[in-house]
Amino acid sequence: MKDVLGYLMGRIQDGPVHMTLIDPDKAPRQIASELAGAAQRAGSGAIMVGGSTGLTQEGLDDCIKGVRDSFDGPIILFPPAASALSPLADALYFMSLLNSRDPRFIVGEQMKGSRIVKKMGLEPIPLGYLIIEPGMAVGKVGMADPVMHGELDTAVSYALCAQYLGMKLLYLEAGSGAPEPVKAEMVGAIRSESDITVVAGGGIRKPEQARALVAAGADIIVTGTLVEDETEVESVLGDIITAMNDGWGERD
Ligand code: 1GP
């Protein structure tokens with residue numbers, strides 16, 4: 001698919017977008033295909049592929065092929081580093097970990113990967129990645145100073161910073177498997193003081209959480225762990241997406 005960002009922004013005019021994150025380490029072709037098919041039927045708007053380090057190129061490509069077998073929408077890479085890239089995807093989050101203490105995660109890996117992205121013909125989607133407490137593994141690996149739930153001014157400052165730097169999306173990441181997601185209050189503060197499109201992910205398991213985040217202003221909700229080892233993928237995702245649409249209806 002061409003112009004993935006345009007496609008997403010178009011969809012967001014009419015409602016929230018759910019994205020299913022698939023970890024290629026846990027999902028070889030057949031499993032990725034089944035997950036993506038169920039996500040498609042449930043109404044997921046895109047599949048994100050990535051999240052783990054130490055992945056082989058074959059493993060990544062195999063997973064993307066599986067997704068492509070059964071998913072019509074965009075496939076977006078969610079790379080942990082410059083190495084985990086594949087020309088089989090449509091786009092990638094060209095992301096900067098805004099609250100990392102290590103420049104490698106702010107611009108270093110990006111510099112290493114930029115020419116590869118160009119050569120592969122991947123669409124780069126400029127994204128500010130902000131780790132919110134607890135941050136889990138990605139917060140540790142990314143050397144982040146997580147934003148605490150009550151630090152609303154800090155979160156808003158980062159959101160404006162991302163917007164002024166020209167980033168199109170701000171991803172509020174509590175970390176995969178987080179016991180609780182980012183709070184709706186933080187999303188609300190960002191929405192009222194900035195114009196950037198907000199993605200929320202990490203620890204979202206209950207429809208009620210997804211509803212509250214969308215009602216507060218999140219346009220994109222990412223879930224990953226929710227459907228790992230799940231047999232009723234379509235119905236679990238369907239409940240989240242229904243709740244997201246309810247949240248959209250509650251917006252001011
Ligand atoms: C991780 O935000 C994503 O980067 C998804 O988190 O696995 O907790 O759904 P979960």
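In the predicted model, strand 1 and strand 8 run parallel and are joined by four bridges. One point of this pairing can be followed at the level of single residues, since Thr20 has Thr223 in strand 8 as its bridge partner. On its other pairing, strand 1, which covers residues 17–22, is linked by four bridges to strand 2, residues 46–50, and these two strands also run parallel. Here Ile22 stands opposite Val49 of strand 2. Strand 8 is in turn joined to strand 7 by three bridges, again in a parallel arrangement, and within this pair the bridge partner of Gly201 is Val222 of strand 8. These pairings belong to a closed barrel of eight strands, which runs in the order 1-2-3-4-5-6-7-8 with parallel pairing. From one strand to the next, the twist averages 30 degrees.

The burial of individual strands was examined next. Strand 8, made up of residues 220–223, is covered on both faces, with Ile220 and Val222 buried on one side and Ile221 and Thr223 buried on the other. Strand 2 is likewise mostly covered, as five of its five residues are buried. Of these residues, Ala46, Met48 and Gly50 point one way from the strand, whereas Ile47 and Val49 point the other way.

Val49 also appears in the description of the nonpolar interior. The largest nonpolar core contains 56 residues, and the members that touch the most other members are Val49, Val67, Leu77, Leu170, Leu172 and Ile190. The element that gives the most to this core is helix 2, residues 29–42, which provides six residues. Apart from this core lies another one, of 26 residues, among them Leu21, Tyr93, Phe105 and Ile131. The surroundings of Ile190 give a closer view of the largest core: when residues up to four places away in sequence are not counted, Ile190 touches Ala155, Val156, Ala159, Leu170, Leu172, Ile196 and Val198.

Ala159 is also in contact with Ser194, as are Leu160 and Gln163, leaving aside the neighbours of Ser194 within four places in sequence. Ser194 is found in the loop between helix 7 (184–193) and strand 7 (197–201). Its relative accessible area is 8%, and Ser194 therefore counts as buried, because that term applies to values under 20%.

The ligand is surrounded by residues from several parts of the chain, including Leu21, Phe78, Tyr171, Glu173 and Ser176. Glycine residues also take part in these surroundings, namely Gly177, Gly201, Gly202, Gly203 and Gly224, and the list further includes Thr223 and Thr225. Several distances between polar atoms describe how the ligand is placed. An N or O atom in the side chain of Glu173 is 2.4 Å from an oxygen atom of the ligand, while for the side chain of Tyr171 the distance from such an atom to a ligand oxygen is 2.9 Å. In the case of Gly224, a backbone N or O atom lies 2.8 Å from an oxygen atom of the ligand. Two of the surrounding residues, Gly201 and Thr223, have appeared above in the strand pairings, where Gly201 is partnered with Val222 and Thr223 with Thr20.

Key:
Residues are numbered from 1 along each chain as its sequence is written. This is a predicted model: local features need pLDDT of at least 70, side-chain atom pairs count only at pLDDT 80 or more; totals for chains, interfaces and linings use all residues. Side-chain values use heavy atoms; hydrogens and water are left out. A nonpolar core is a set of buried Ala, Val, Leu, Ile, Met, Phe, Trp, Tyr and Cys residues joined through side-chain atoms within 4.5 Å. Buried means under 20% relative accessible area, exposed over 50%, partly exposed in between (1.4 Å probe, protein chains only). Contact means heavy atoms within 4.5 Å. Two strands pair if DSSP finds at least two bridges between them. Axes are lines fitted to C-alpha atoms, for helices over the stretch in contact, and angles run from 0 to 180 degrees between N-to-C directions. A residue is near a molecule or strand if one of its heavy atoms lies within 4 Å of it. A polar contact is a pair of N or O atoms within 3.5 Å; within protein, one must be able to donate a hydrogen and the other to accept it, and residues adjacent in sequence count only if both atoms are side-chain atoms.
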